[in-house]
Amino acid sequence: MSSKQSATTKTAEGVGKLHNFFLYVRQHWQLYVLFIMPAFVLTIIFRYIPMGGILIAFEEYNPFRGVFGSEWVGLQHFQRFLSSPDFMRYLVNTLKLSAFGLLWGFPAPILLAFLLNRVLSTKTKQKIQLILYMPNFISVIVLCGIVRILLSPTGMINMLLGTNWNFMTMPAAFRTIYIASGIWQGAGWGSIIYTAALSNASKDLKEAAVI
């Protein structure tokens, strides 16, 4: 059989499978609706309906009148914000937080995955992973409370350093606290993919790298 005939046969088989698939879906469409409908409804309720809150940005919002009863002011709030003398400071601080968060937060899960990959005991690795993943499931409010307690004048950090500084009232420390707390919360969970990739690496490659 020539390559042209083989390609034609494969194309015909693909078209036949696709036809059978659509025929199956048409015959059992109720089953697909049953499975898709909950996800579709939840997406509409929790993703699209809340988008109506964007209208607040263009209104003189009054909680008693609601979103549709408040006075429409258009871009007035945006113009006032952009013309504010502190706008550039807000913008620069936001860009700095994003840049430093990416600079320090991106390699943290990778390095953590490398360290976990060096732990040979499976039970020990599981316990360490449980401790590292736990902050990801803690509410942000609870996490902020933990950070505040740790950095208080009588907190653990000051006890280790032998000082009584209140880090939460130091403007210069805000950026470091913000980025470090974010890494602490997300690095463990972010290392899952890298840990899985390293666990599937060939042992021959590891032995060759060691040699």
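Start with the whole chain in cartoon view: the secondary structure of the protein comes to 10 helices and two strands (DSSP runs, H or I of at least four residues for helices and E of at least two for strands, numbered from the N terminus). Residues are numbered from 1 along each chain as its sequence is written, and side-chain values use heavy atoms, with hydrogens and water left out. This is a predicted model, in which local features need pLDDT of at least 70 and side-chain atom pairs count only at pLDDT 80 or more, while totals for chains, interfaces and linings use all residues.

Follow the chain from the N terminus: the elements run α-α-β-β-α-α-α-α-α-α-α-α. The C-alpha trace spans about 85 × 70 × 35 Å along its principal axes. The radius of gyration of the protein is 28 Å, whereas a compact globule of 211 residues would have one near 17 Å (taken over C-alpha atoms; the globule rule is 2.2 Å times the number of residues to the power 0.38).

Now color by pLDDT, the predictor's confidence in each residue, from 0 to 100. The protein averages 83, and 92% of the residues score at least 70. Among the elements, select helix 1 (residues 3–27) for the lowest mean, 67, and helix 4 (residues 87–105) for the highest, 91.

**Helix 4 and helix 5**

Keep helix 4 and add helix 5 (residues 107–117): their axes come within 5 Å and cross at roughly 15°. Axes are lines fitted to C-alpha atoms, for helices over the stretch in contact, and angles run from 0 to 180 degrees between N-to-C directions. Helix 4 and helix 5 are therefore roughly parallel (under 35 degrees; over 145 is roughly antiparallel, 65 to 115 roughly perpendicular and the rest oblique). Show the side chains of Leu 102, Leu 103, Trp 104 and Gly 105 in helix 4, which meet Pro 107, Ala 108 and Pro 109 in helix 5 (contact means heavy atoms within 4.5 Å).

**Helix 5 and helix 9**

Next, select helix 9. Helix 5 packs on helix 9 at an angle of about 55°, with the axes 7 Å apart. That makes helix 5 oblique to helix 9. Residues making the contact include Phe 114 and Leu 116 of helix 5 and Tyr 194 and Leu 198 of helix 9. By class, this contact of helix 5 with helix 9 has 11 nonpolar, six polar and no charged residues (Ala, Val, Leu, Ile, Met, Phe, Trp, Tyr, Cys and Pro count as nonpolar, Asp, Glu, Lys and Arg as charged, and the others, Gly among them, as polar).

**Helix 7 and helix 9**

Finally, select helix 7 (residues 140–150) with helix 9 (residues 174–199): they pack at about 120°, with axes 11 Å apart. That makes helix 7 oblique to helix 9. Show Val 140, Leu 143, Ile 146 and Val 147 in helix 7, which meet Ile 177, Ser 181, Trp 184 and Gln 185 in helix 9. By class, the contact of helix 7 with helix 9 has six nonpolar, two polar and no charged residues.
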